[in-house]
Amino acid sequence: MVSPEGLVAAAAVLTGLGLLAWRLWAGRLEAPGDWGEEEEEEEGIPFIAKDGSGRCRLLCKPSALAQHLVRSLGQSAALRRGHWLWPRWPRLQVLQQLLQLPEPEPAVARELLQLPDTGLVALDWLVGPRGARSGSGGGGPSSVLLLIPNAAGKVTGGLLQLGLRALERGFIPVIFNRRGHNGCPLTTPRLQPFGDPGDLQEAVTYLHCRHPTASLLAVSEGSGSGLLLAYLGESGSSSRLAAAACISPIFRGRDWFEAGMPWLYEWPLLLHLKRGLSRYAGSLAEAVDVDRLLGSRSLRELEEALFCRTKSRPTSWEAYWERNEPLRDADEAAVPVLCLCSADDPVRGPPARSLPLELFRSSPYFFLLLTPRGGHCGFPRRGPGRCWGHEAVLEYFRAMAEFLRAEERRKGLPRPRRWGGPAVEPPVFTWQRSYTR
């Protein structure tokens, strides 16, 4: 049965589809490339197939790792997509994502992880499609792939699809759910700010202790990338991650909230957040003005009501973003991270003001894979899989493992227990802090 939230969102999206169809008929919908892609498209290493398809570019600081990624991604079929008209309409792609009927959910095993302040986050381990036989599918050590949803906590069909593709490739995928998100109980009157990586750090530490011999990888989607980027900067070389990837990331959080999104995308996310927060109105009432919170008319108003206009420790909008900007400590990051972006992303905004190009030019750890057409977390293609971006991310992780193994052999170093990341340390967790439901 379709939820009331889904019915209302579908009605709004159908109205928007009619408006967009009229604009397309009138010829007034911006053509791909009007978002200022000309400058970025001239920069970086191109990936162009013989038939002229692909046209992705990799922008990064020259290094041995960069050369290896160029070779690996250049040989990958994921970047050779052929000619298709659908990628030319990024706004319609966003609407299609919102209208897409839910598919059978994969089977998951949920763990509730208790945090030092008695709060809870949920870890959903993907074990296969619903009704399918579950199992590890292999005897050797696998890489744990941590999947981070968007900042609204909405686990999209695309994120689940990526998790299932990773499961088929031998990864161990697990979804990180913030406090109060996606059915995770809210046991304290506190949620996770946009760029506060404290809870994520606890989850990563727990995963490392549960799988000490496996490499830890992380991939984020959309606005959820703000959390992953903040974690990589704040933790530096102690992140315990071997590699990371961000799909359609939001790099400048404050600018993004202040600019606002197209209402057809913002409104369903706002409704999703309000619906989840309304479940905990009683417990949140002691910390925030619930009426103001549930009466928010934009994501910015909701963010301010939730984290700035608190009853115990109110703060200014400016001070909040000094502590929560995703790239505030980007210079301290010490883990390779691939950022898959599209020049026509209608949610992130024009590349000229939303992509930190200088970061990719100067840091040896940040790699920008930029395509002229891909929309927001869409990167559509024909055939099975539907998203070539997922294949590119998994190919990137494979290439990273291959590169680090080659470096170990070249330097004659003893084989570590897992590729990348710091040396194994004594566990700081006890199993009593995990509650399985």
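Let me start with Arg410 and Glu407, whose side chains form a salt bridge in this predicted model, with the closest N and O atoms 3.0 Å apart. Both residues sit in helix H16 and are separated by three residues, which is about one turn of the helix. Arg410 is exposed, because its relative accessibility of 58% is over the 50% cut-off.

If we turn from this pair to shared partners, we find one network, in which salt bridges join Arg165, Glu168, Arg169 and Glu391. Within that network, I would like to look at the contact between Arg165 and Glu391, a salt bridge whose closest N and O atoms are 2.5 Å apart. This pair links distant parts of the chain, since Arg165 belongs to helix H5, residues 157-168, and Glu391 to helix H16, residues 388-411, with the two positions 226 residues apart.

How buried or exposed are the two partners, Arg165 and Glu391? Arg165 has a relative accessible area of 23% and is therefore partly exposed, falling between the 20% and 50% limits, whereas Glu391, at 9%, is under 20% and so counts as buried.

A further pair for us to consider is Asp345 and Arg348, whose side chains meet in a salt bridge with an N to O distance of 3.8 Å. Here both residues, Asp345 and Arg348, are buried, while Arg410, with which I began, is exposed.

To place these examples in context, a search of the whole structure finds 19 salt bridges, among them the pairs Arg410 with Glu407, Arg165 with Glu391, and Asp345 with Arg348.

Terms used
Residues numbered from 1 in each chain as written. Predicted model: local features only at pLDDT ≥ 70, side-chain atom pairs only at ≥ 80, totals over all residues. Heavy atoms only, no water. Salt bridge = Lys/Arg side-chain N within 4 Å of Asp/Glu carboxyl O. Helix = DSSP H or I, 4+ residues; strand = E, 2+ residues; numbered from the N terminus. Buried < 20%, exposed > 50% of the residue type's maximum accessible area, 1.4 Å probe, protein only.
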